[in-house]
Amino acid sequence: MTPAVASCLIDPDRLVAQLGSAGRYFSPEVLPECESTSTLLLERARRGAPSGTLLVADRQTAGRGRRGRLWLSSPEASLTFSLLWRFPGELARLAGLSLAVGVALVRALEQCGVSGLGLKWPNDVLLEGGKVGGVLIELESEPASVLAVIGIGLNLQLPPAGEDDFLSPPAALAQAVAPLPERHRLLAQVMIELQAVLERFADGGFAVLRNEWQARHAWQQRQVRLLNGTRVDRAGVCLGADLDGALLLRTESGVERCLSGDVSLRSA
Ligand code: BTN
């Protein structure tokens, strides 16, 4: 059993107790502070850490968001963690993983009493249109498998204005549910839903979760622009995600697909 670190907001033993039968899939470790749970977990994964290793940090000093952005968070106001998961087979089978993780997050938050949730391609969890959570997926090939470090940040309270480089307006769970779900219960529910979703994803890819993602898609039929840096790459009507997680956009040339994680989606 992992020794409890008295000063941390998450007690691993209490978390394991809340995980019930899903507890056997996870090895949690908590840290009062680190640069980034994903950076640290990636290093450990390369040294052979087992699938299911979960790193939770109260505070990250260099938390990372998508596309090289910073992800700033403060201990009481957020939940920040990374999970290592190994998938058999090749990298190509993991297309759409960040969308699948979004499905798990929405399921978990709803189980904890949060309503008004939606998903935005490729990896944002929205609450009443604002960004309440983000997912950062990092993948590396191994001889017979692919390792995924799944980094997740959830806002419990609104971050102070200007604290982060938010491209969507920020939102927080405290806006939608009172009292806030207890931190161990929330994290345990996320892990329970993640385990179920990752298992289905490993068998059938994003295709088996696509309908559920589409049902949660917050920007369906919305006029959007696809940005590559500051350049408008394409504009059109957002049709959600294809079976492999690619964004579908109806443009003047027909329905186009975009798989690149380097682009971002904006309201037109
Ligand atoms: C995004 O840009 O939306 C993704 C944000 C992901 C942030 C989480 S917080 C825990 C993990 N560690 C990191 O450094 N980043 C991810």
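These exercises walk through the fold, core, and some individual residues of the structure above, each with a worked solution.

The model is predicted, so a word on conventions: local features need pLDDT of at least 70, side-chain atom pairs count only at pLDDT 80 or more, and totals for chains, interfaces and linings use all residues. Residues are numbered from 1 along each chain as its sequence is written, and side-chain values use heavy atoms, with hydrogens and water left out.

**Exercise 1. Overall form**

Task: Describe the protein chain by its secondary structure, its extent and its surface.

Solution:
- Step 1. Start with the secondary structure: the protein chain has five helices and 12 strands. Helices (H or I, at least four residues) and strands (E, at least two) are DSSP runs, numbered from the N terminus.
- Step 2. Turn to the extent. The C-alpha trace spans about 60 × 45 × 30 Å along its principal axes.
- Step 3. Check the radius of gyration, taken over C-alpha atoms, against the globule rule of 2.2 Å times the number of residues to the power 0.38. For 268 residues a compact globule would have a value near 18 Å, and the protein chain agrees because its own value is 18 Å.
- Step 4. Look at the surface. About 11,500 Å² is exposed, with carbon and sulfur atoms supplying 50% of it; these areas come from the Shrake-Rupley method with a 1.4 Å probe, and for residues only the protein chains shown count as cover.
- Step 5. Finish with burial: 52% of the 268 residues count as buried. Buried means under 20% relative accessible area, exposed over 50%, and partly exposed in between (1.4 Å probe, protein chains only).

**Exercise 2. Contacts and cores**

Task: Find which residues touch the most other members of the largest nonpolar core, and which helix gives the most to it.

Solution:
- Step 1. Fix the terms. A nonpolar core is a set of buried Ala, Val, Leu, Ile, Met, Phe, Trp, Tyr and Cys residues joined through side-chain atoms within 4.5 Å, and contact means heavy atoms within 4.5 Å.
- Step 2. Among the 65 residues of the largest core, Phe81, Val101, Met191, Leu194 and Leu198 touch the most other members.
- Step 3. The helix that gives the most to this core is α3 (residues 97–111), with 10 residues.
- Step 4. Another core of 11 residues lies apart from it; Leu42, Ala49, Leu55 and Ala57 are among its members.
- Step 5. Zoom in on Met191. Beyond its neighbours within four places in sequence, Met191 contacts Leu19, Phe26, Leu54, Phe81 and Leu83.
- Step 6. Place this in the whole chain: among contacts with a separation of 6 or more, 66% join residues 24 or more positions apart.

**Exercise 3. Two buried alanines**

Task: Locate Ala188 and Ala171, and list what each one touches.

Solution:
- Step 1. Ala188 sits in helix α4 (residues 183–204) and is buried because its relative accessibility is 1%.
- Step 2. Not counting residues up to four places away, Ala188 touches Leu15, Gln18 and Leu19.
- Step 3. Ala171 belongs to the loop between β7 (145–155) and α4. Its relative accessible area is 2%, so Ala171 is buried.
- Step 4. Outside its neighbours within four places, Ala171 contacts Leu127, Gly130, Lys131, Val132, Asn155 and Leu158.
- Step 5. For a distance check, Ala171 and Gly133 are 38 residues apart along the chain, and their C-alpha atoms are separated by 8.3 Å.

**Exercise 4. Backbone details**

Task: Identify cis peptide bonds and non-glycine residues with positive phi, and say where they lie.

Solution:
- Step 1. The bond from Trp121 to Pro122 is cis, with omega near -5°. Pro122 lies in the loop between β4 (117–120) and β5 (124–127).
- Step 2. The bond from Ala178 to Pro179 is also cis, with omega near -5°, and Pro179 is in the loop between β7 and α4.
- Step 3. Arg67 is not a glycine, yet has a positive phi of about 55°. Arg67 lies in the loop between β2 (53–60) and β3 (78–88) and is partly exposed, with a relative accessible area of 30%.
- Step 4. Gln221, likewise not a glycine, has a positive phi of about 65°. Gln221 is found in the loop between α5 and β8 and is partly exposed at 48% relative accessible area.
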